[in-house]
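This report describes selected residues and side-chain pairs of one protein model. The sequence and structure are shown first, and the description follows.

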Amino acid sequence: MTKENKLQEMQELFNEVQNDNKQLKKFLKELSQMEKRSLKLSEYYTGEWIEEREMVDSALDYFEITNEDSIYDELTDQYILMKKLLKKCADYINK
C-alpha cells in the first residue's frame, strides 16, 4: 500500500468518525427525550392508568394502552435496550 493510499484510507475513516460524532450528538439529544417520554409513561402507568383502566368503556379498547401488558412490555423492552446500550458503551470505553 502506498503512502498516498494509506492517507486516503485514513482520511475516509476520519470523515466517517466525524459523521459518527454528529450522529452521536443527535442521539444524545434524542436520548434525553426518550428518557422524558419513558418517565412520563411510567408515572402514568403506576398512577392514573390503574384508575382510568377500570373506568374505560369497552368501546375504547382500541387504545393499545388499555391493555395492561402493552405499556409494561414497552417499558421493559426499553429498559433492556438501555442496558445493552450501556454495556456497549462500557465495552467501547474500556478498549
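## Ile 80 and helix H3

Ile 80 is partly exposed, its relative accessible area being 39%; this value places Ile 80 between the 20% limit for buried residues and the 50% limit for exposed ones. The model in which this residue is described is a predicted one. Ile 80 belongs to helix H3. Between the C-alpha atoms of Ile 80 and Lys 36 the separation is 17 Å, and the two residues are 44 positions apart along the chain.

## Salt bridges

How many salt bridges does a search of the whole structure find? The search returns two. One of them is formed by Lys 87 and Asp 91, whose side chains meet with an N to O distance of 3.1 Å. Lys 87 and Asp 91 are both in helix H3, and because they are four residues apart there, about one helical turn separates them. The two partners fall into separate accessibility classes: Lys 87 counts as exposed at 52% relative accessibility, whereas Asp 91, with a relative accessible area of 36%, is partly exposed.

Arg 37 and Glu 30 also form a salt bridge, in which the closest N and O atoms are 2.6 Å apart. Arg 37 has a relative accessible area of 47% and is therefore partly exposed. Glu 30 is likewise partly exposed, at 34% relative accessibility.

## Helix H1: a buried serine and a nonpolar patch

Helix H1 comprises residues 3-46. Ser 38 is located in this helix and, with a relative accessible area of 18%, is buried; the value lies under the 20% limit that applies to this class. When residues up to four places away in sequence are not counted, Ser 38 touches Leu 75 and Gln 78. Leu 75 and Gln 78 fall within the range 68-93 given for helix H3, so the contacts of Ser 38 link helix H1 to helix H3.

Leu 28 is also placed in helix H1. Is Leu 28 buried or exposed? Its relative accessibility of 53% counts as exposed. Together with Leu 24 and Phe 27, Leu 28 makes a nonpolar surface patch of about 280 Å².

## The aromatic pair

A pair of aromatic rings is described by the distance of the centres and the angle of the planes. One such pair is found when the whole structure is searched. It consists of Tyr 45 and Trp 49, with ring centres 5.1 Å apart and planes at 45°, so the pair is classed as tilted. The angle is neither under 30 degrees, as stacked rings would require, nor over 60, as an edge-to-face arrangement would require.

Both residues of the pair are buried: Tyr 45 has a relative accessibility of 15%, and Trp 49 has one of 8%.

## Thr 66 in the loop before helix H3

Where is Thr 66 placed? Thr 66 lies in the loop between helix H2, residues 48-55, and helix H3, residues 68-93. At 9% relative accessibility, Thr 66 counts as buried, because the limit for that class is 20%. The side chain of Thr 66 reaches the backbone oxygen of Phe 63 at a distance of 2.7 Å.

Terms used: Residues numbered from 1 in each chain as written. Predicted model: local features only at pLDDT ≥ 70, side-chain atom pairs only at ≥ 80, totals over all residues. Heavy atoms only, no water. Helix = DSSP H or I, 4+ residues; strand = E, 2+ residues; numbered from the N terminus. Buried < 20%, exposed > 50% of the residue type's maximum accessible area, 1.4 Å probe, protein only. Polar contact = N/O pair within 3.5 Å; in protein donor to acceptor, adjacent residues only side chain to side chain. Phe/Tyr/Trp six-rings, centres within 6.5 Å; stacked < 30°, edge-to-face > 60°. Patch = residues over 30% accessible without salt bridge, like charges linked within 9 Å, V, L, I, M, F, W, Y side chains within 5 Å. Areas by Shrake-Rupley, 256 points an atom, 1.4 Å probe, with all protein chains shown as cover. Salt bridge = Lys/Arg side-chain N within 4 Å of Asp/Glu carboxyl O. Contact = heavy atoms within 4.5 Å.
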